[in-house]
Every structure is written in C-alpha cells, then in structure tokens.
Amino acid sequence: MSACPPYAPFFGFAGVASAMVFSTIGAAFGTGKAGIGIAGLGAFRPELVMKSLIPVVMSGIIAVYGLVVSVLITGSLDPAQPYPLFTGFVHLGAGLACGMTGMAAGYAIGHVGDACVRAYLHESKVFVTMVLILIFAEVLGLYGLIVAIIMHSSTSTIGCPAELLAS
C-alpha cells in the first residue's frame, strides 16, 4: 500500500468540508434560536434589543473558527506536491474536531441565548449571567479550533518517502 495514494487528498477535502459545514450548522442554529428570543423580547422592550444581540454575534464567531481551519487545510493541498495518506487523515480529524465542537457550541449558545434573552426581559440582573454562560459555550468551539490547529501543524514535516515517489 502506498503512503501517498491518489485518493489521499479526498480525506483532506473532507476535513475542509467538515470544518465548514458543521461549524456553520452550529452558527446558524445558534443565530436562529437566539434570534427567536430577541424577536420576542423586542415586541415588549425594543430598547433592550441591541444589548441582547450578544448571542447572535457569538454564534457568528463559531462559523469563523470553521473558516480558519478550512483555509489552513486548503493551504496544505497542492496538486503539484505529493499528499500523504496520514496527512489526509489528520486533516479529516482536524476538520471534524473543529466542526463538531462548533456545532455543539452553536447549539449551546442558541439555547442559552434564547432562554437568557427572554429572562432578561423580566430581570436585568440576568445579563451578566447570560454573558458568562455564553462565554463558556463559545469556548467549546475555541477548544476545537485549538485542537485542529495543533493537529494541522503536526503534519508539516510529514512527506512521502523518496523511494515511493520514484516509482
């Protein structure tokens, strides 16, 4: 079995797609779920809407994490250079790590944002608590980004053996 088969880049591209798709699903869910709560709040207290946009902004950041990982992995995919199967698997794992943690973070941000924005309508002291919980939810996505970057950087020295390239 070759260390650099022609299908190896498929796994790298699957990592790119996983990072983007899953993190964007999380961001979209978080934005939609928190937006429903903001719409409900705005009907009764429109002056609180701008302050309540924090969950929506934090959800959007989750998608940026996926974009960063996708760009990093894509930068390693050069059709003129051999691409080891090991690197493809690592890039797939990095994309899944970032994408799945982004989806989980978006899910958490959406539910917390919706509930806390509705509670903020009745009690203003909830705002600080909401921001703290949202920060902890956002960090889940950040952990995935950090792990994906570490995984990606571990492939920089991996190459195809010279004897395999000659054949």
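**A walk through a five-helix model**

Ser23 is buried, with a relative accessible area of 0%, and in this predicted model that residue is a convenient place to begin. Ser23 belongs to helix 1, and its side chain comes to 2.5 Å from the backbone oxygen of Ala19. If residues up to four places away in sequence are set aside, Ser23 touches Ser18, Ile62, Ala63, Gly66, Gly99, Gly102 and Met103. Because buried means a relative accessible area under 20%, the 0% of Ser23 places this residue clearly in that class.

From this one residue we can step back to the whole chain. The secondary structure of the protein consists of five helices and zero strands, and, read from the N terminus on, the order of the elements is α-α-α-α-α. The radius of gyration is 20 Å, well over the 15 Å that the globule rule gives for 167 residues, so the protein is more spread out than a compact globule. A box drawn along the principal axes to hold the C-alpha atoms comes to roughly 70 × 20 × 20 Å. Of the 167 residues in the protein, 39% are buried. When contacts with a separation of 6 or more are considered, 86% of them join residues that are 24 or more positions apart.

The next step is to look at how particular helices lie against each other. Helix 1, which covers residues 8–44, packs with helix 3, which covers residues 85–122, at an angle of about 5°, and the axes of the two are 6 Å apart. Because angles under 35 degrees count as roughly parallel, helix 1 is described as roughly parallel to helix 3. Sorted by class, the residues in the contact of helix 1 with helix 3 are 22 nonpolar, 16 polar and three charged.

Helix 3 also has a contact with helix 4, and here the axes come within 8 Å and cross at roughly 175°. Since an angle over 145 degrees counts as roughly antiparallel, helix 3 and helix 4 are roughly antiparallel to each other. The residues in this contact of helix 3 with helix 4 divide into 23 nonpolar, eight polar and one charged.

Helix 4 also holds Val147, which at 40% relative accessibility counts as partly exposed. Val147 and Gly12 are 135 residues apart in sequence, and their C-alpha atoms are 16 Å apart in space.

The loops deserve the same careful reading. Ser52 sits in the loop between helix 1 and helix 2, the latter running over residues 54–76. Is Ser52 buried or exposed? With a relative accessible area of 0%, Ser52 is buried, and, leaving aside neighbours within four places in sequence, Ser52 is in contact with Ile38, Leu41, Val117 and Tyr120.

Further along the chain, Pro161 is found in the loop between helix 4, residues 126–153, and helix 5, residues 162–166. Pro161 has a relative accessibility of 27%, and therefore counts as partly exposed. Although Pro161 and Ser2 are 159 residues apart along the chain, their C-alpha atoms are separated by 9.6 Å.

Terms used: Residues are numbered from 1 along each chain as its sequence is written. This is a predicted model: local features need pLDDT of at least 70, side-chain atom pairs count only at pLDDT 80 or more; totals for chains, interfaces and linings use all residues. Side-chain values use heavy atoms; hydrogens and water are left out. Axes are lines fitted to C-alpha atoms, for helices over the stretch in contact, and angles run from 0 to 180 degrees between N-to-C directions. Helices (H or I, at least four residues) and strands (E, at least two) are DSSP runs, numbered from the N terminus. Angles under 35 degrees count as roughly parallel, over 145 as roughly antiparallel, 65 to 115 as roughly perpendicular and the rest as oblique. Ala, Val, Leu, Ile, Met, Phe, Trp, Tyr, Cys and Pro count as nonpolar, Asp, Glu, Lys and Arg as charged, and the others, Gly among them, as polar. Buried means under 20% relative accessible area, exposed over 50%, partly exposed in between (1.4 Å probe, protein chains only). A polar contact is a pair of N or O atoms within 3.5 Å; within protein, one must be able to donate a hydrogen and the other to accept it, and residues adjacent in sequence count only if both atoms are side-chain atoms. Contact means heavy atoms within 4.5 Å. The radius of gyration is taken over C-alpha atoms; the globule rule is 2.2 Å times the number of residues to the power 0.38.
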